[in-house]
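Trainee: I have a new model open and would like to go through it with you. Could you take my questions one at a time?

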Amino acid sequence: ANVTAFHNGEDWDTSVTGANRAFLEAQTVEVTEGRAFTRDEETAGKNVCLLGLKVREEIFLPDVSPLGEQMRLNDVSCIVVGVLEERGQGASGADDNDTVFMPLKTVQRRFRGDDDLDFFVLKYDAGYASSAIQDSLVDLLRERRQPHLDGERASLAGPERHLPPCGLEPREREADGVDPGGQGGESILAA
């Protein structure tokens, strides 16, 4: 969700993403200062946050740790528990340092007002065939979202690329010469 971050009279337009430790691990997001969310913070949907470097630079004083500081995202207060490593540019072209992560339940409750997901990340062992995993994932999505699936589209991305929107038929993508899962061990992103 797009938000404005506030701290100590400074403000910055950024985004907030709901996440948990498994999401951070699958995306290889490292916390370089402080810590990631605790299981209790994730389960309870506590108002804690992890800052991307750009957000830290824009609203916090240089050389002063933001850990333990209270800030706001729109009208939602949160306590900074961690700062993320430099991440660079994401698959969509956005600056991955210009974001704030909060526990998924917090974002769903405080910013979205529902329990929907915009995307999820799947990290798999390189010993498994990406096409088999993808087929199972497509089947699961169809089963769970059957009433809403007609006409919906998904996009898939690996860590090095973002594939264009495509229908939920992995065999068609492979026939077009696009390996949707890429090398084993990559993340699959569906939105």
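Trainee: Is C49 buried or exposed?

Mentor: Happy to start there, with a word on the ground rules: this is a predicted model, in which local features need pLDDT of at least 70, side-chain atom pairs count only at pLDDT 80 or more, and totals for chains, interfaces and linings use all residues. Residues are numbered from 1 along each chain as its sequence is written, and side-chain values use heavy atoms, with hydrogens and water left out. Buried means under 20% relative accessible area, exposed over 50%, and partly exposed in between (1.4 Å probe, protein chains only). C49 has 0% relative accessibility, so C49 is buried.

Trainee: How many disulfides are found in the whole structure?

Mentor: A disulfide is counted when two cysteine sulfur atoms lie within 2.5 Å. C78 is buried too, at a relative accessible area of 1%. Still, the search of the whole structure gives a disulfide count of zero.

Trainee: How confident is the predictor, and which residues have a pLDDT below 50?

Mentor: pLDDT is the predictor's confidence in each residue, from 0 to 100. The protein chain averages 76, and 71% of the residues score at least 70. Counting contacts as heavy atoms within 4.5 Å, the low stretch has 91 of them in the model beyond near neighbours in sequence. The residues with pLDDT below 50 are 155–191.

Trainee: Which element gives the largest share of the largest nonpolar core?

Mentor: A nonpolar core is a set of buried Ala, Val, Leu, Ile, Met, Phe, Trp, Tyr and Cys residues joined through side-chain atoms within 4.5 Å; helices (H or I, at least four residues) and strands (E, at least two) are DSSP runs, numbered from the N terminus. This core has 17 residues, of which M71, L73, M102 and F111 touch the most other members. Elements supplying at least two residues each include β1 (2–7), β5 (70–73) and α4 (104–112). The largest share, three residues, comes from β6.

Trainee: Leaving aside neighbours within four places in sequence, which residues is F111 in contact with?

Mentor: F111 is one of the core members that touch the most others, and M102 and L73 from that group are among its contacts. Beyond its neighbours within four places in sequence, the full list for F111 is A1, V3, V16, L73, N74, V76, M102 and T106.

Trainee: What kind of aromatic pair do F23 and F101 make?

Mentor: Rings of Phe, Tyr and Trp (its six-membered ring) pair if their centres lie within 6.5 Å; planes under 30 degrees apart count as stacked, over 60 as edge-to-face and the rest as tilted. Both F23 and F101 are buried. F23 lies in helix α1 (residues 21–26) and F101 in strand β7, so the pair ties together parts that are 78 residues apart in sequence. With centres 6.1 Å apart and planes at 55°, the pair is tilted.

Trainee: And E42, is that residue buried or exposed?

Mentor: E42 is found in helix α2 (residues 39–44). Not counting residues up to four places away in sequence, E42 touches N20, R21, F37, P103 and K105. Its relative accessible area is 15%, so E42 is buried.

Trainee: Last one: what is the phi of N8?

Mentor: N8 lies in the loop between β1 and β2 (10–19), and at 61% relative accessibility N8 counts as exposed. Most residues other than glycine have a negative phi. N8 is not a glycine, yet its phi is positive, at about 50°.
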